Amino acid sequence: MTFSAKAIVIMGISGCGKSTLGNALAEATGYRFVEGDDLHTGANIAKMSAGIALTDDDRWPWLERVADVLGTAGQSGGVIVSCSALKYAYRDFLRLRSQQPILFVFPNLPVEVVRARLRHRSDHYMPPSLVDSQLEILEPPRPDERVLILNGSPTTAQSVNLVMGYLSALTELPT
């Protein structure tokens, strides 16, 4: 099946399921999945590992790398990237810099669910203590962004079905 969205960003705070959904969606679409955390610098990872929240200055070079990956979507048959994209300015930058129409998917889970997930996650550098700093800067998607918001706690399979249904219904991705 061919979809009008060749660049997809799974956005949201740490622990909302970006990587899990991104991998499952890549399998369903045949797109390449890129873990956005792998695009961070060593300095950013060290800061987050130490429980220090990133600043905008820390994030911009990372967002440039994310945009570069998204910019390859047309040549690679499609790409999905996990990226927090917490602020409107970040999402707008990704749209403009990648020169691709991007579908943003926002798994918006209750914070209690996210905190519980992070407490039980031992294989990641992002500590649960940074959830509050992410929530402080999170700018929920605006209606004019046409972000697909997945509210609640759907299973991964349910989320993939919702995204696939949305992609199938699109004839042209809004810019």
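Student: In this predicted model, how are α1 and α8 oriented to each other?

Tutor: The axes of helix α1 (residues 18-29) and helix α8 (residues 156-169) lie 10 Å apart and make an angle of about 50°. Angles under 35 degrees count as roughly parallel and 65 to 115 as roughly perpendicular. The two helices, α1 and α8, are therefore oblique to each other.

Student: Is the crossing of α1 and α8 left-handed or right-handed?

Tutor: The α1 side of the contact includes L21 and L25, and the α8 side includes V160 and V163. By class, this contact has eight nonpolar, four polar and no charged residues. The crossing in which α1 passes α8 is right-handed.

Student: Which strands stand at the edges of the sheet?

Tutor: Five strands form an open sheet with parallel pairing, in the order β2-β3-β1-β4-β5. A strand with a single partner has one side left without a neighbour in the sheet, so the edges are held by β2 (32-34) and β5 (148-151).

Student: What is the bridge partner of V105 in β5?

Tutor: Strand β4 covers residues 102-108 and pairs with β5 in the parallel sense, over four bridges. In β5, V105 has as its bridge partner L148.

Student: At what angle does α8 run to β5?

Tutor: Helix α8 lies across three strands, β1 (7-10), β4 and β5. Angles over 145 degrees count as roughly antiparallel. The angle of α8 to β5 is about 155°.

Key
Residues numbered from 1 in each chain as written. Predicted model: local features only at pLDDT ≥ 70, side-chain atom pairs only at ≥ 80, totals over all residues. Heavy atoms only, no water. Axes fitted to C-alpha atoms, helices over the stretch in contact; angles between N-to-C directions. Left-handed = near helix turned anticlockwise from the far one by under 90°. Contact = heavy atoms within 4.5 Å. Nonpolar A, V, L, I, M, F, W, Y, C, P; charged D, E, K, R; others polar. Pairing = 2+ DSSP bridges.
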